[in-house]
Amino acid sequence: VDVETYGPPRIVAAVLRGRGYAEPPDITARVCGSFPVAYQMSACAAIEDACGVDAGDAVWDLRRLLYCGEWIQSHALHIYLLHAPDFLGYDGAVEMAADHREVVQRGLRLKKTGNDIMEVIGGRAIHPINVRVGGFYRAPSRRELTDLVPRVEQARDAALETLRWVAGFDYPNFEQDYEFVALRDPDRYAIEDGRLVSGSGLDIGPGSYEEHFTESQVEHSTALHSRLRDGGTYFLGPMARYSLNFDRLPQVAREVASEAGLGPVCTNPYQSIIVRSVEMVFACDEALRIIRGVNSPNIGFVFVACHAFHMRGTMGSTMGDIMRAAGDKLRLVHVADTMDHHASHGLRYITNPPGNTARAVPRHPVITAAVGLLLVLTALSLFVFMAFTLVLIPVSVLGLTAGIAVTALGILG
């Protein structure tokens, strides 16, 4: 069977072109309303890596907590509203609720708890607005985090009930030979970072993705399709994560997976609902661990900025000299479009002489020209209306000269 799945146009890549480096986290969140955090975290990680910045453990813990919230709400949505009705013979969750009201309500409570975590960390559940390169615009208070604990504890109990419930479904024997690909962390179950690994031995950093995978346009879809460089297909998602990282799950999660009938590897797609339930239990436990482990009343962000290098440095040094001196610290270089570094970024700079510790003062040409023009108009007005006042004639001439000079400086640099 050849399934040709249609993918909607991914216009986000085109929208990002020409944007500032701080904008992608907000723009990429719009790729998906149900799972925006994955795109935001990928954008932040890529930009911070390019700038040579490590946001630090505290920021990454909160990012992982935000991810846990997304996993809880998205897994609950998939299990209760999309997958379970098929197993139980219903057209949808609404029809299932007529016979299993309490079950559906449990699923909705689980989803709400995930949404609550996302609102506290991300600002809102759909398309979070609090994520930024380097961290967060606003850090959650200790009180806001601890208030989540009772709700997450109840969600964990509900996740365990969910796992026991789905373990009782009838599953056809449909084992498949998948090429699993997922992230893998050396110390814990990978969520937001790690190396890219596969069941056949692939083990690469994110920067080597294009060396092993290829993306191409297909006739039946406007979204790009990805394959291995050798042309083979691969399998992503909860089953791949679980099968490649079972040994990284906490002991409790491994035990409940075993009680539900899973082994270290799951290759039956029908049982992916069980795997999602295991990950939901794990996400609740992980959320509680992070919340209880936060030891700072407020967590902000690490300043991240791209550095611009000009063609001629001080004391005769060249851009090559600057790059060699920066060494391993250099990650991203912006080269001006002319040999005159004063044109870089569209700004002019009043530079300080060597040895002066004062900071350079940015001078905007448009503002300078506007101020100069205002001076010219003011001086002309004085000259025209008070030309016969001998005292003001020198003042008007002096103002006119100054205005013309400032305007010329703003235009010519």
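Helices here are DSSP runs of H or I with at least four residues, and strands are runs of E with at least two, both numbered from the N terminus. With that convention, the protein I am showing you, which is a predicted model, has 15 helices and 9 strands.

Let me start with the overall picture. Of the 413 residues in the protein, 39% are buried, and the exposed area comes to about 23100 Å², with carbon and sulfur atoms supplying 58% of it. If we take the contacts with a separation of 6 or more, residues that lie 24 or more positions apart account for 66% of them.

Now to the charged pairs. Side chains of opposite charge can pair when their charged atoms come close. The structure holds 17 salt bridges, and I would like to go through three of them, beginning with Arg64 and Glu286, whose closest N and O atoms are 2.6 Å apart. This pair links distant parts of the chain, since Arg64 sits in helix H4 and Glu286 in helix H12, which spans residues 272-293, and the two are 222 residues apart. Are these two partners buried or exposed? Both Arg64 and Glu286 are buried.

The next salt bridge joins Arg156 to Asp285, with 2.3 Å between the closest N and O atoms. Because Arg156 lies in helix H8, residues 149-167, while Asp285 belongs to helix H12, the pair ties together parts of the chain that are 129 residues apart in sequence. Asp285 is partly exposed, its relative accessible area being 23%. Salt bridges with shared partners also join Arg64, Arg188, Glu192, Glu286 and Arg289 into one network, so the Arg64 to Glu286 pair I described a moment ago, with its 2.6 Å separation, is a salt bridge between two members of that network.

The last of the three pairs lies within a single helix: the side chains of Asp116 and Lys112 meet in a salt bridge at 3.3 Å, N to O. Why are they separated by about one helical turn? They are 4 residues apart in helix H6, residues 101-122, and therefore about one turn separates them. Asp116 counts as buried because its relative accessibility is 9%, which is under the 20% cut-off.

Just after that helix we come to a backbone detail. Most residues other than glycine have a negative phi. His127, however, has a positive phi of about 50° although it is not a glycine. This histidine, His127, is found in the loop between H6 and strand S1, residues 131-132, and at 18% relative accessibility His127 counts as buried.

Turning to the strands, there is an open sheet of 3 strands in the order S3-S4-S5, with antiparallel pairing. Its edge strands are S3, residues 181-184, and S5, residues 203-204, each of which pairs on one side only. Strand S4, residues 195-198, pairs with S5 in the antiparallel sense over 2 bridges, and there Leu196 stands opposite Ile204 in S5. Helix H10, residues 238-245, lies across S3 and S4 and runs at about 55° to S3.

Finally, the surface. Which residues make a nonpolar surface patch of about 250 Å²? The patch is made by Leu81, Leu82 and Leu108. Leu82 is found in helix H4, residues 57-88, and with a relative accessible area of 47% Leu82 is partly exposed.

Terms used
Residues numbered from 1 in each chain as written. Predicted model: local features only at pLDDT ≥ 70, side-chain atom pairs only at ≥ 80, totals over all residues. Heavy atoms only, no water. Patch = residues over 30% accessible without salt bridge, like charges linked within 9 Å, V, L, I, M, F, W, Y side chains within 5 Å. Areas by Shrake-Rupley, 256 points an atom, 1.4 Å probe, with all protein chains shown as cover. Salt bridge = Lys/Arg side-chain N within 4 Å of Asp/Glu carboxyl O. Buried < 20%, exposed > 50% of the residue type's maximum accessible area, 1.4 Å probe, protein only. Pairing = 2+ DSSP bridges. Contact = heavy atoms within 4.5 Å. Axes fitted to C-alpha atoms, helices over the stretch in contact; angles between N-to-C directions.
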